[in-house]
Amino acid sequence: MKRYLCSIIIGMVVILSIGTYYVKVASSASSLPKYTFKTLEGSDKMLDPVIINASLQNGSNFNEPLTIESNTTTYESEKSYLENLTGRQNQQIETLVKEHRSFMRGKDSISSLYEDDDFLAYASVNSEYTKSGNMEAKFDIGLLEKKDEEETSFQVELPNQGRIMNADVRDVQLVHSKLQVLTMNDVNSNNEKQTKEVHLYTIDVANKKVLSDKTLVSESFTYPDQVDFQMPTDVAPSQPNNMVLISLIKGVNHEDGFEEKLKESKLLSYNYETEKLETVKKELLSPDMARSGYADGKNLYAVEMKSGKYRIKTFDLSSQTLTNDTELDIAANKEEQYTAAFKNGRVYFLLGNEVDQDVLTNKPAKLLIADLKTGKTLYKGETVINKKNSKSFELIIGDLEIK
């Protein structure tokens, strides 16, 4: 009886502790300002699919993550224990988990996923260092046939893994029933030089083996020189794409920072169907515009400030031509940072953070939703705060998602 009594007492203490914790959390969150968008033009129903991930800051002593979804603010401390345990997930990941819970278990990187009407595929690199200091690396491969919910999963070693220091999966495609996995690798050069490479691995899922390891780009350099590869923000990371853009950035590290060698930097395009790697002419599209742009495998959307306005330039990746140049009805401000999203023929343009974050400005964030082809404004609004004591806080925009 004493044993059961101790268990009951311990259980009650745990329940009371959790209850006290959530009462304190709810009380703390209720004292924080709530942000909503005041509609200046259009209908507030346009805000329904908009998700803004941000944080509330008060100097260096306070930082509280928050989400503005469907025009409602929710602080991280207001979420349940399980929600905070799993952490914030990409909206597309959340949707896939709901639809294919068994297959998606343990899969949380959107760049490692591919989805079409028939298949859902996954490829990631699982690596560890042995006691001898060598890296052992394997691909974790998964394929789901949606029609009958049949799953295939296996591991296969990366070719030439003895020379690989790190491999980061950046894109996954299913082409002619073979899985194409694009990675950016740091390579062991066994000397003072450093080497970075872009690889394309072709994987036969049916026979569970790597068919080929193709090095698309390889660049070696010695400090203070520096080489990096960057890709545009992928606005459709799990959808079938024909083409990827890769910015090759060359520069040198000085005491006062990094200086890019503009003449040596270049923009590359790779077509999965034709297997062609080409250099994009700089007069058509600069490497800087590409790496700061947004791509969906068919088009690249580049943001440009011109004549006091923001413009969205649309480049067709196959023909490498400019197909659209749209002016947005929002004033350009070099002192403010923007983030954008593109979906269903619309551009969602959010202007918020000050470039100099050391200065507290408390300016409202501005959101514009426009037709991508015509530039016609569908919605315009700015954030308002419901607390009078909010002047000491600053809203720092993280990223923008569209459901």
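Two strands count as paired here if DSSP finds at least two bridges between them. With that in hand, let us walk through this predicted model, starting close to the C-terminal strands. Strand β25, residues 366-371, pairs with β26 in the antiparallel sense, and five bridges link them, so the pairing cut-off of at least two bridges is met. Within this pair, isoleucine 369 stands opposite tyrosine 379 of β26. The two strands form a hairpin with five residues between them. In its turn you will find glycine 375, which has a positive phi of about 80°.

Now follow β26 to another partner. Strand β26 (residues 377-385) is also joined to β1 (residues 35-42), with seven bridges and an antiparallel run. Here phenylalanine 37 has threonine 383 in β26 as its bridge partner.

Phenylalanine 37 is a good place to pause. Setting aside neighbours within four places in sequence, its contacts include Leu47, Ile52, Ile68, Leu350 and Leu367, along with Tyr379, Gly381, Glu382 and Thr383. Phe37 also belongs to the largest nonpolar core, a set of 24 residues, where it is listed with Val50, Ile52, Leu350, Leu367 and Leu400 as having the most contacts inside the core. At least two residues of this core come from each of β1, β2 (50-58), β3 (62-69), β24 (346-354), β25 and β27 (394-402). As a general background, nonpolar side chains tend to be buried together in soluble globular proteins. A second core, separate from this one, has 23 residues, among them Ala137, Phe154, Val156 and Val172.

Elsewhere in the chain, look for an open sheet of four strands. Their order is β5-β6-β7-β8, and the pairing is antiparallel. Why do β5 and β8 each have one side without a neighbour in the sheet? β5 (113-115) and β8 (150-157) stand at the edges and have a single partner strand each, so one side of each is left without a neighbour. From one strand to the next, the twist averages 15°. Inside the sheet, β6 (residues 119-129) and β7 (residues 135-145) run antiparallel and are joined by eleven bridges. One of the bridged pairs sets serine 124 against aspartate 140 in β7.

Finally, a word on confidence. The average pLDDT of the chain is 87, and 86% of the residues score at least 70. Residues 17-27 are another matter: pLDDT stays under 50 there, and the model has five contacts for this stretch beyond four places in sequence. Where pLDDT is low, the predicted coordinates should not be read in detail.

Key:
Residues numbered from 1 in each chain as written. Heavy atoms only, no water. pLDDT = per-residue confidence, 0-100. Contact = heavy atoms within 4.5 Å. Core = buried A, V, L, I, M, F, W, Y, C linked by side-chain atoms within 4.5 Å. Buried < 20%, exposed > 50% of the residue type's maximum accessible area, 1.4 Å probe, protein only. Axes fitted to C-alpha atoms, helices over the stretch in contact; angles between N-to-C directions.
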